[in-house]
Amino acid sequence: HDFDDDGDGFTDHEELAKGTDPRNDHSVPNLPPTAITLEGGQVSENSPAGSLVGQLQVIDPDDPDGNGTYQFELISSDQNATLPFQVDEQGRILTAKPLDFEQGDQRQLTVKATDSGGLFHEANFTIHLLDVDGPQVLGLQLEENNGTYFATSRTQAPELAPIIERG
């Protein structure tokens, strides 16, 4: 029979195998994170690079208060793909470039969170893109002056709608 001399929930055998002290209840084996959650997870199309998409939170039995330090990594199934997102050291998912709703209203990504002991957990998330209405042309006026034509337009556009000017 294997005892738990320090009453920390790990048998003495488990603690010795993991290099921790079976007689010290503060010396416990490192367990891997068990989950990653995402708060948010949506962004408007055409948002500039660096726009906040959501905040990651790691669930780890060694970190019941959620104050631990984790390394985050976005994983792509295609090694040559440029991911449209990035993740910073605080676990914030940010856009890496403006995204187009018309190319799809969802993006898939896999996040890997590694704890200070080198153990990790991976989770898949779906990021939702919000459609932004394009600009509306309210009026167009053409004028000619000595063979040169000038066009003047009045437009109304939401904040993130792209407007392209051509000469």
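**Exercise 1.** Asp5 has a relative accessible area of 44%; decide from this value which exposure class Asp5 belongs to, and then find the partner with which its side chain forms a salt bridge.

*Solution.* The model is predicted, and the steps below apply to that model. Buried means under 20% relative accessible area and exposed means over 50%, with partly exposed in between, so Asp5, at 44%, is partly exposed. Its side chain meets that of Arg23 in a salt bridge, with 3.8 Å from N to O. Asp5 belongs to the segment before α1, whereas Arg23 lies in the loop between α1 (12-17) and β1, and the pair therefore ties together parts that are 18 residues apart in sequence. Arg23 itself counts as exposed, with a relative accessibility of 67%.

**Exercise 2.** State how many salt bridges the model has, and describe the one that involves Arg92, together with the exposure of both residues.

*Solution.* The count comes to two salt bridges. In the one asked for here, the side chain of Arg92 meets that of Asp88, at 2.6 Å from N to O. Arg92 is partly exposed at 34% relative accessibility, while Asp88, with a relative accessible area of 13%, is buried. As a general background, side chains of opposite charge can pair when their charged atoms come close.

**Exercise 3.** Explain why Lys112, although charged, does not take part in a salt bridge, and name the residues around it.

*Solution.* Begin with its place, which is in strand β7 (residues 106-114). Lys112 is buried, and the nearest side chain of opposite charge, that of Glu73, is 4.4 Å away. A salt bridge requires the nitrogen to be within 4 Å of the carboxyl oxygen, so Lys112 is left without one. Leaving out residues up to four places away in sequence, Lys112 touches Ile36, Gln71, Phe72, Glu73, Ile75, Phe120, His121 and Glu122.

**Exercise 4.** Work out the order of the strands in the open sheet of four strands, and say which of them stand at the edges.

*Solution.* The order is β1-β3-β6-β5, and the pairing is antiparallel. β1 (35-40) and β5 (85-87) each have a single partner strand, so they stand at the edges, and one side of each is left without a neighbour in the sheet. From one strand to the next, the twist averages 30 degrees. For a closer look at one pair, β5 and β6 (residues 92-95) are joined in the antiparallel sense over three bridges, and Gln86 has Leu94 of β6 as its bridge partner.

**Exercise 5.** Describe the largest nonpolar core, find the strand that gives the most to it, and list the contacts of Leu109.

*Solution.* The core has 19 residues, and Leu56, Phe72, Phe85, Ile93, Leu109 and Val111 have the most contacts inside it. At least two residues of this core come from each of β3 (52-59), β4 (71-75), β5, β7 and β8 (120-130), and β8 gives the most, with four residues. Apart from residues up to four places away in sequence, Leu109 touches Leu74, Phe85, Ile93, Ala123, Asn124, Phe125 and Ile127.

**Exercise 6.** Locate Pro98, give its exposure, and identify its contacts beyond four places in sequence.

*Solution.* Pro98 is in the loop between β6 and β7 and is partly exposed, with a relative accessible area of 48%. Beyond its neighbours within four places in sequence, Pro98 is in contact with Asn46, Ser47, Pro48 and Ala49. Pro98 and Val43 are 55 residues apart in sequence, and the distance between their C-alpha atoms is 9.9 Å.

Note on methods: Residues are numbered from 1 along each chain as its sequence is written. This is a predicted model: local features need pLDDT of at least 70, side-chain atom pairs count only at pLDDT 80 or more; totals for chains, interfaces and linings use all residues. Side-chain values use heavy atoms; hydrogens and water are left out. Two strands pair if DSSP finds at least two bridges between them. Axes are lines fitted to C-alpha atoms, for helices over the stretch in contact, and angles run from 0 to 180 degrees between N-to-C directions. Buried means under 20% relative accessible area, exposed over 50%, partly exposed in between (1.4 Å probe, protein chains only). Lys and Arg count as positive and Asp and Glu as negative; His and the chain ends are not counted. Contact means heavy atoms within 4.5 Å. A nonpolar core is a set of buried Ala, Val, Leu, Ile, Met, Phe, Trp, Tyr and Cys residues joined through side-chain atoms within 4.5 Å.
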